[in-house]
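Here is a set of exercises to work through with the model open beside you. Try each task before reading its solution.

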Amino acid sequence: MSNISNAATLKLADAVTDAFNSNDIDKVMSFFAEDAVFDHASGPDIHGASSVGINAIRTLFGKMFERVENVKWETLDTRIDGDKAICKYRRTATLLSGEVQDFYTVDILTFRDGKITHKDTYYKQII
């Protein structure tokens, strides 16, 4: 039996945010389980678009980091419930094209043994 708890913690959620704010794909991916699933806020299905497995998620996030000068998630609120961290952010990014993005986003992160097994993202965006 593993000695690592499935519990989410504020410290773990903050470490994930710090990894994303570093804009370093290797740091980000160190928090994902091999079998993780990422459900993006938009996509062709009711749950958005899914990326399944650490390689697919790395490819998707890697492309995002390649498109931006920088991207930052400012934590507005974090709630912990069992194996889940519910994190509300203000996400700002400057793309290489010069476009600036600014919107609120919520991630529901599910953990197992200190790794993200499911990242479910929702956002509000001005259109």
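The exercises below concern a predicted model, and they go from confidence to the sheet, the helices, the core and two single residues.

**Exercise 1. Confidence**

Find the mean pLDDT of the protein chain, and say which elements have the lowest and the highest mean.

*Solution.* Start with the whole chain: its pLDDT averages 93, and 97% of the residues score at least 70. Then go element by element: the lowest mean, 95, belongs to E2, and the highest, 98, belongs to E1.

**Exercise 2. The order of the sheet**

Trace the strands of the open sheet and work out which of them stand at the edges.

*Solution.* Step one is the order: the six strands run E2-E1-E6-E5-E4-E3, and the pairing is mixed. Step two is the edges: strand E2 (50-52) and strand E3 (68-81) each have a single partner strand, so one side of each lacks a neighbour in the sheet. Step three is the twist: on average, neighbouring strands are turned by 20° against each other, direction ignored.

**Exercise 3. Pairings and turns**

For the pairs E1–E6, E4–E5 and E5–E6, give the direction and the number of bridges.

*Solution.* Take E1 (residues 32-39) and E6 (residues 115-124) to begin with: they run parallel and are joined by four bridges. Here Asp 39 has Asp 120 in E6 as its bridge partner.

Next come E4 and E5, which are antiparallel and share 11 bridges; Tyr 89 faces Thr 105 in E5. Their hairpin leaves four residues between the strands, and Gly 98 in the turn has a positive phi of about 100°.

Last, E5 and E6 are antiparallel with nine bridges, and Phe 111 lies opposite Ile 116 in E6. This hairpin has two residues between its strands, with Asp 113 at a positive phi near 50°.

**Exercise 4. Helices on the sheet**

Which strands does H1 lie across, and which does H3 lie across?

*Solution.* H1 lies across E1, E3, E4, E5 and E6, and runs at about 170° to E3. H3 (residues 54-67) lies across E1, E2, E3, E4, E5 and E6, at about 60° to E1.

**Exercise 5. The nonpolar core**

Name the residues of the largest nonpolar core that touch the most other members, then list the contacts of Phe 111.

*Solution.* The core has 28 residues, and those touching the most other members are Phe 20, Val 28, Phe 32, Phe 61 and Phe 111. Elements that each supply at least two residues are H1, helix H2 (25-29), E1, H3, E3, E4 and E5. Now zoom in: neighbours within four places in sequence aside, Phe 111 contacts Asn 6, Ala 8, Leu 12, Val 16, Asp 83, Ala 85, Ile 116 and Thr 117.

**Exercise 6. Two residues compared**

Decide whether Asn 21 and Thr 78 are buried, partly exposed or exposed, and describe their surroundings.

*Solution.* Asn 21 belongs to helix H1 (residues 10-21). Its relative accessibility is 25%, so Asn 21 counts as partly exposed. Beyond four places in sequence, Asn 21 touches Val 71, Lys 72 and Trp 73, and its side chain reaches the backbone nitrogen of Trp 73 at 2.6 Å.

Thr 78 sits in strand E3. The relative accessible area of Thr 78 is 17%, so this residue is buried, the cut-off being under 20%. With residues up to four places away left out, Thr 78 touches Leu 10, Ala 13, Ile 86 and Cys 87.

Terms used. Residues numbered from 1 in each chain as written. Predicted model: local features only at pLDDT ≥ 70, side-chain atom pairs only at ≥ 80, totals over all residues. Heavy atoms only, no water. Buried < 20%, exposed > 50% of the residue type's maximum accessible area, 1.4 Å probe, protein only. Contact = heavy atoms within 4.5 Å. Polar contact = N/O pair within 3.5 Å; in protein donor to acceptor, adjacent residues only side chain to side chain. Pairing = 2+ DSSP bridges. Axes fitted to C-alpha atoms, helices over the stretch in contact; angles between N-to-C directions. pLDDT = per-residue confidence, 0-100. Core = buried A, V, L, I, M, F, W, Y, C linked by side-chain atoms within 4.5 Å.
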